[in-house]
Protein chains: 2
Amino acid sequence: MVKVLLVLYDGREHAQQVPELLGTTENELGIRKWLEDQGHTLVTTSDKEGENSKFDQELVDAEIIITTPFHPGYLTADRLAKAKKLKLAVTAGIGSDHVDLNAANKTNGGVTVAEVTGSNVVSVAEHVVMTILCLVRNFVPAHEQIERGDWDVAESAKEEYDLENKVVGTVGVGRIGERVLRRLKPFDCKELLYFDYQPLKPEVEKEIGCRRVQNLQEMLAQCDVVTINCPLHEGTKGLFGKELISKMKKGSWLVNTARGAIVVKEDVAEALKSGHLRGYGGDVWYPQPAPKDHPLRYAKNPFGGGNAMVPHMSGTSIDAQKRYASGVKSIIETYLSGKDNYKPEDLIVHKGDYATKAYGQRAKA
Amino acid sequence: MVKVLLVLYDGREHAQQVPELLGTTENELGIRKWLEDQGHTLVTTSDKEGENSKFDQELVDAEIIITTPFHPGYLTADRLAKAKKLKLAVTAGIGSDHVDLNAANKTNGGVTVAEVTGSNVVSVAEHVVMTILCLVRNFVPAHEQIERGDWDVAESAKEEYDLENKVVGTVGVGRIGERVLRRLKPFDCKELLYFDYQPLKPEVEKEIGCRRVQNLQEMLAQCDVVTINCPLHEGTKGLFGKELISKMKKGSWLVNTARGAIVVKEDVAEALKSGHLRGYGGDVWYPQPAPKDHPLRYAKNPFGGGNAMVPHMSGTSIDAQKRYASGVKSIIETYLSGKDNYKPEDLIVHKGDYATKAYGQRAKA
């Protein structure tokens, strides 16, 4: 019989009000009864920080650990060393950078790290397009004006642009980046660009009407809008720091729904303040939950706008929760069956090695 | 020599900071020098309310009056009766409902009412898609959470959905409505519906993948999201009142970037409060500027969200201002040339009669 440890965010009254809020400690992805009926044990917690957290106490004998990118239970090398029975780490969602993958490969003969690929790529892509439009069209300051009882069209309009005829580039054109480009196609942007180690198929490029730029700095210099859609790994950590941001067009907008640690938060805040960046938006932070004094909560451009940040939520819509809850169940089913017939695209590391190029090859490079 | 009267919103420091903010009393659509060089007179004001407004004083001998939908100088029958020399009323933008068109047809042998068709249809369509995404993905409460220093993913996520697989319907499929549908196509909505007195061409319907519903209530009953993209006229004034809103799906979202008076503001506020509408957003108000106590500034759904209102700005982006300033100039050029070769699509009423079906046929019906 297997012990499953589930690290989720607390839903409190919200989980009661909306039972479809499956990814909460109260609603437990809907898997408790299903596991217990088979004789397995489920322990659920949101308490994941500090040495004496419930997460730390319970992981010592857990065989399966499940967590989300929205409130990640970080599986560091230290924690993996303590998790003597761990065989499977599942991300309810996408993005397994909360796991030390090299350490996972060396733990207990190789911990399998799997995620529910596809469960929320559409949700995140939609969030990216929303954030681009909010920034380019200056939504936040305009809505705040209405809320405080004012009326000043000039103040709102002076920072409002159309997305039409702008150059948009994505860093990474995987499942999310490609979906972002597809959604942008009818907006008649001047150009849709992408940077990735792997090119799209020529027919996909043609269908979307996008173009690959092989040098990141070269792409950034052409973009009015940049959207980050690559995984966090050794090669992308801190990528958008002072130097790279300085290569971006003055007055451009940056959207990050990938991972907070891909940008250097103080450098983004500084670039916004100076006006080099006209706006920054997205839903990812480092660390998470974002502390009250995280600079990207309050950073604004010289006109007092340009911030479209939200908590880590783009991939945890009600629709996405349904999909990743069902995906987690199916990964656990596969594990319990002992058949090893996982969907290949769900596997990040398996049998002691990288199963995906996105993390593996680039992390090793 | 011709006297031109221009009613625009004040740009103040914003007009100085951003000279591209052409649609302001300070920057005067960039037409002062051009008019004065030809010996004409230009009077510009934002003062348009009350009997003794500058607008009322100056219109008595103006031959051309120009205004915008963002800060409209309303040309009522009373004012038209006083405007003894008026020959041409130009909308810098789209939407000429601020003019009493029947009265205009009877004034001075027929005042020509023209607008810059196409100048901001893309801007508005982008704003519609932005607003739909903001409402469906629960952006505003989530951003406010970040701004006030909090972190509660559950609170944000419980009202966050994907646009994918939802039914979206537009009331009106003219230049803006069609562009909205085109931009929504790659979002993989369950269905894209439209209601209009005129069907799209079959090949356009097929290209977009949308379907006409001949009965408005029938369409509304199927829609998760409704977007209003029809002109304001006698047949659409107060259309979205208590009764019609009750035909909408419970928990649906309503977006209005057409005209404020198409909805009954108190009824929309009430429907939001009860949760029958999950959200309401857009940029149009009645009257304009919206008074401090306008109910749609502060109306929220039972979870405290669902409001994505901004001042009337969707069609006055910096990019749109450039286009409508140039369009106004070209309409005036035509008038001054005496050649009567206006672009047919720019004309609303001309030579004493309706020149467009959108206002004419339906208003008469």
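**Note on the two-chain model**

1. Just after helix α7 of chain B, B:Gly149 adopts a positive phi of about 85 degrees; helices here are DSSP runs of H or I with at least four residues, and strands are E runs of at least two, numbered from the N terminus. This is a predicted model, in which local features need pLDDT of at least 70 and side-chain atom pairs count only at pLDDT 80 or more, while totals for chains, interfaces and linings use all residues. Residues are numbered from 1 along each chain as its sequence is written, chains are lettered from A in the order in which they are written, and side-chain values use heavy atoms, with hydrogens and water left out.

2. Helix α7 of chain B spans residues 139–147, and B:Phe139, B:Val140, B:Ala142, B:His143, B:Gln145 and B:Ile146 within this helix are buried (under 20% relative accessible area, with a 1.4 Å probe and protein chains only).

3. A turn of 180 degrees with a shift of 0.0 Å along the axis lays chain B on chain A with an RMSD of 0.0 Å, superposed by least squares on the C-alpha atoms of residues with pLDDT of at least 70 in both. The two copies are thus related as by a two-fold rotation axis. Of the residues of chain B, B:Met130 comes closest to that axis, its C-alpha lying at 2.8 Å.

4. Because 100% of the interface residues of chain B are also interface residues in chain A, the copies meet through the same surface. In the contact between α6(A) and α6(B), the participants include A:Met130, A:Leu133, B:Met130 and B:Leu133, where contact means heavy atoms within 4.5 Å.

Terms used. Buried < 20%, exposed > 50% of the residue type's maximum accessible area, 1.4 Å probe, protein only.
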